Amino acid sequence: MKYTLLLKQHIGAPCSPVLPVGSRVCKGTLLAVPTGLGAPLHSSVDGILTEITDTALIIEASESQSDTFLSLEPGSDEELLKASGLVGMGGAGFPTSVKCHIDLKGGFILVNAAECEPLLEHNIHQLEQNAEKTMDGLKRIMKLCNARKGIFAIKEKHAGAVGILKKLCENEPDISFHLLPDLYPMGEERAVVREVLGPLLKPTELPSAADAVVINVETVLRAAEAMIDRRPYISKNVSVAGKLKGGTHTRVFFDVPLGTTVGHLIEQAGGIDGEYGEIIMGGPFTGHAVSLDTPITKTTGGIIVTAPFENLNHAKTGLLLCACGGNQARMEDIAAKMNGDVVLIQKCKQAADIKGTLKCENPGNCPGQAQKCLNFKKAGCTDIIIGNCSDCTNTVMGSAPKLGLRVHHQTDHVFDTVSKERMRYLTTSKTCGTTQDEQEKAGMKDMPKPVKMHKTNDIQNQAEAQNSADMPKTADTQKTAEVQDPANITIENNVLRIDIEEGRDIHIEFPVFF
């Protein structure tokens, strides 16, 4: 069996091979080194290096595989992290040794265990089965970064893993956990900082601006393996779900050798069940379409086989891009597979373009998309495809159907496959938090309190009353209503805008007709 190890599995430049074709390798053999920002690459299997291309190394695996690996040379924790080839597993694959090369001066290590993408379960299974080793990794990283506190950020719904963490934290005065609501994208880096510590970072800011480092929970485990066991980073935990023989439920595979093909892993999960739409590498929101020959990499989290796409029959279609979902290329790919004729592309109101990448100004809290929906209507769209988060999608549904726009979410074909309710309206609470004792243990008792949420109906009633009393009913009306704190209300271009400026600034808007 052949394994394809890509030379670029991280942010930065591709690695440079250090061995010639024909070399016999074993698990852990150094294959390639970074030429700039990056991480070294090691063999994930025993075998022979049979081919070197511009982008990959091909290894023909031996029929018999050993249970051991070639250990890293002894060194400091920082040296072992660098030598291991470890990169972040929750995003772009930033080298972990570089991320941890920081003096937090008593700050925080935030372990991202949100497992934000639907259907992915390998992070939670890891905590349920290997929490102690993960805890060991956290303590080493805290020491390396000079952090005073370590905090696991995990969704409240994962009761089993939360119970395990709670028991382990009882004997760890500097380590605690923070419960997150079951919303997307609670695992986004700045969302984790906001939910756990309070500050809302700018799209251009790193967590270090809040005296923190955010690190994925599997990365923490692999860091422990590197620093304690001197194990190179050669395998990945992966969730596999979707249109599979034996059911659509998620299967979790631990320690999948890097370079394993997607097709092989799908066969291990039971094989594809009949006709399918596409194969996604990653999650329903931020994943991308791949082939059966695509190799598993250092950042692969999920493989999802979907049902066939809905057919839009060349309807005039608008695309609403969101920092939380697919990029423009991905959304255009989905539109093409749905036979939608794209006539207008817009980005979410809160999506800031940072060096070609969209970043949300306040992840998970939406200001409203009514104006975007009006623009789609004016462009002649009958259908729109959105990639928004839970809250943004909810605001789209507040105006799009009223305008006669049919809404499709980029995750529809995924959720349909596994009989999960389509994402449309916000049906879960946006608030969740730790107890006072847990906050004090985490050193957060002086942090900002959660935002007080106001009932939508109460605010809408205030708006309607004020509008009736004070505002001329014309399309070009632009007048700020003087209402009692906390809301400011304006009407501009047929859009009623409500700004609630208590705690974190929240904006709500929806179309009005005269």
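Which residues is Arg-190 in contact with, leaving aside its neighbours within four places in sequence? The close-up views below come from a predicted model.

**View 1. Surroundings of Arg-190 in helix H5.** Helix H5 covers residues 189–197, and Arg-190 is part of this helix. Beyond its neighbours within four places in sequence, Arg-190 is in contact with Leu-200, Leu-201, Lys-202, Pro-203 and Glu-205, and also with Lys-359, Cys-360, Glu-361 and Pro-363. The relative accessible area of Arg-190 is 2%, so this residue is buried.

**View 2. Leu-19 in the loop between strands E2 and E3.** Strand E2 spans 15–17 and strand E3 spans 24–25, with Leu-19 in the loop between them. Leu-19 counts as partly exposed because its relative accessibility is 25%, which falls between the limits of 20% and 50%. Not counting residues up to four places away in sequence, Leu-19 touches Val-25, Thr-29, Leu-30, Leu-31, Leu-49 and Ile-52. Leu-31 is 12 residues from Leu-19 in sequence, and their C-alpha atoms are 6.2 Å apart.

**View 3. The aromatic pair Tyr-184 and Phe-285.** One aromatic pair is found in a search of the whole structure. The ring centres of Tyr-184 and Phe-285 are 3.7 Å apart and the planes are at 10 degrees, so the pair is stacked. Tyr-184 lies in the loop between strand E10 and H5, and Phe-285 in the loop between strands E14 and E15, 101 residues apart. Tyr-184 is buried at 8% relative accessible area, and Phe-285 is buried at 0%.

**View 4. Charged residues over the rings of Phe-69 and Phe-415.** Arg-231 lies over the face of Phe-69, 5.8 Å from the ring centre. Lys-420 lies over the face of Phe-415, 5.4 Å from the ring centre.

Note on methods. Residues are numbered from 1 along each chain as its sequence is written. This is a predicted model: local features need pLDDT of at least 70, side-chain atom pairs count only at pLDDT 80 or more; totals for chains, interfaces and linings use all residues. Side-chain values use heavy atoms; hydrogens and water are left out. Helices (H or I, at least four residues) and strands (E, at least two) are DSSP runs, numbered from the N terminus. Buried means under 20% relative accessible area, exposed over 50%, partly exposed in between (1.4 Å probe, protein chains only). Contact means heavy atoms within 4.5 Å. Rings of Phe, Tyr and Trp (its six-membered ring) pair if their centres lie within 6.5 Å; planes under 30 degrees apart count as stacked, over 60 as edge-to-face and the rest as tilted. A charge sits over a ring if NZ of Lys or CZ of Arg is within 6 Å of the ring centre and within 35 degrees of the ring normal.
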